[in-house]
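Thanks for coming, everyone. I have one model to walk through today, so let me put it on the screen.

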Amino acid sequence: MRGPLQIATNVGFRAFARSSRVGNTLWAVTPAVLGCAKAPWSLGRFGGVHNPPSTVIHSSIPSNARFLHWSRSLLDQTHATTLDTTLPILPSPVVGRWLLLSSVLVLGIIVVGGVTRLTESGLSITEWQPITGILPPLSYDEWMVEFEKYKATPEFKLMNHSISLEDFKSIFYMEWGHRVLGRLIGVVFVGPLIYFAIRKKISKPMTVRLFGLSVLIGAQGLLGWYMVKSGLEESLMDTPGAVPRVSQYRLASHLGLAFLLYIGMFGTGMAVIKDFKFANGAAWTGSTVKSVGKILSHPLVRSFKRQAYALTGLVFLTALSGAFVAGLDAGLLYNEFPLMGGRLAPPTNELFSEDFAKNEDKSDKWWRNIFENPTTVQFNHRVLATTTYLATAALYARTFSPAIRSALPPLTRTATMAAFAMANVQVALGITTLLYLVPVPLAAAHQAGSVMLLSAMVHLLVSMRNPGTAAKAWRQIIEIKRKV
Ligand code: HEM
């Protein structure tokens, strides 16, 4: 709601806009521009409302690419015409903090999900009830109903037939907590998103992107249930030697989607906060503003950025391969490092065993071993993890080259060091998890470590990000205001 003072101020500026001119600058435009600084939604009160009310200066937002040209041309015009336009929306830090909070909740659910799997609690709830499932059983009778349903599952029949009601309650609560946290993330993310979208606190493209993430949160819930279902299938009872556990493919998809959600929330949150600081006149990643374009177009910086993107992809792939290790309990084999059975790599006939092929002609031998043979899966995870580690070390080593050192933004150098430090921690956690036969606290820390490593990579990429169009626009306006 705009107050009378604000409306009066805006009307005043508009009248002023039609009549004033100073030198070569078209005041029909700049009062509108300066109005942003003087009205109640002014830059002086930037922490409040961050997009000018659309009724103040109507019409379309210039496209991103055209914005700088647009704002410059405003200042260069020599003929008085009323220009009806508005500034692009600059989301406030509240939006950034909300996105970071959501990403922390996703980190939390990734760890809780890992502990749920490691404590073998994930198959304790046999139904998918998005609404009624919010409440756990509240009476003895309700508990008995749930317990009876669990008794019908292959996990109970094959592994847990002597479980007591009390033990059942503890695995039930673990899985229930995981599901409740999932719902909480949905509410914490979608509720404020609707508010920000309705109040136009975020731009249209960002609204679309964030609604895309909401759809992914819903898909993640469905995928989680699809994964659990694979561990409840009766057919497991007919397969000799089968262990009741969820499909490693579905586990990897569920974890991969969680990582994507995390990256989307964390990366966007960081970008929003950085853009806001930039608009308010902060130095860009420790450099002077005028040099942003120059720094980013430097060939060495561009190649560094490409490498950082490739490395982020590699970290993601390594993490996905870890999900296959977890899904097949492949961490319970070859509990030594760096050797596997006294050799750097197990024999080829073990890595590509015909036993895993299902086709008559064994044509599926290669891919089935890669995804279904625990030995091969663990070996691949080692190879990918070692490559990730060496690539992180190489990227960090590049920051010591004098040419790169002087070309890179200072924050990028620090972020590369942080990524390398996190890669060390993650590899150490992975090795100890393996050597100690996957104890729950170490394995959970290793899972959390993969998110921290991804965060370090996203932070590195954000440090080389061009400020957004809205941030550049607002910054220009603030500078003009200060000069005037
Ligand atoms: C860049 C380095 C690494 C990354 C990003 C990474 C990531 C992951 C991820 C995401 C998981 C799945 C966790 C889960 O779902 O519970 C995992 C599992 C695992 N990783 Fe790594 N890992 C790395 C290095 C290593 C190394 C060097 C080793 C040792 C050889 C290792 C051994 C394991 C083991 C044994 C598991 C299975 C743990 C379980 O069953 O919960 N990892 N890794």
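I'll start with the overall fold, then go to the cores, the ligand and two local details.

A word on the source: this is a predicted model, where local features need pLDDT of at least 70, side-chain atom pairs count only at pLDDT 80 or more, and totals for chains, interfaces and linings use all residues. Residues are numbered from 1 along each chain as its sequence is written.

The secondary structure of the chain comes to 18 helices and 2 strands; these are DSSP runs numbered from the N terminus, with helices being H or I of at least four residues and strands E of at least two. Of the 484 residues in the chain, 37% are buried. Buried here asks for 20 or more other C-beta atoms within 10 Å of the residue's own, with C-beta atoms placed from the backbone. Among contacts between residues at least 6 apart in sequence, 79% join residues at least 24 apart, a contact being two such C-beta atoms within 7 Å.

Now the cores. A nonpolar core is a set of buried Ala, Val, Leu, Ile, Met, Phe, Trp, Tyr and Cys residues joined through C-beta atoms within 7 Å. The largest has 69 residues, and V106, Y262, L454 and M457 touch the most other members. Helix 9 (residues 248-279) gives this core its largest share, 15 residues. Domain 2 (92-282) and domain 3 (285-466) each contribute at least three residues to this core, with domain bounds taken from an automatic or database domain assignment. There is also a second, separate core of 5 residues, including I125 and W176.

On to the ligand. Which residues are the closest to it? They are G322, A326, G331, A385 and G430, out of 30 that surround the ligand; the cut-off is a C-beta atom within 6 Å of it. Helix 4 (93-118), helix 11 (299-327), helix 14 (374-398), helix 16 (410-435) and helix 17 (440-463) each supply at least two shell residues. Domains 2 and 3 both give residues to the shell, so the ligand lies between them.

Two local details to finish. L429 sits in helix 16 and counts as buried because it has 20 C-beta neighbours inside 10 Å. Beyond four places in sequence, L429 is in contact with L442, A445, H446 and G449. The C-alpha atoms of L429 and G449 are 7.8 Å apart.

Helix 5 (residues 140-151) has 12 residues. Of these, the number buried is 1, so helix 5 lies largely in the open.

Notes:
Expected span 1.5 Å × (residues − 1). Buried ≥ 20, exposed ≤ 12 C-beta atoms within 10 Å, placed from the backbone.
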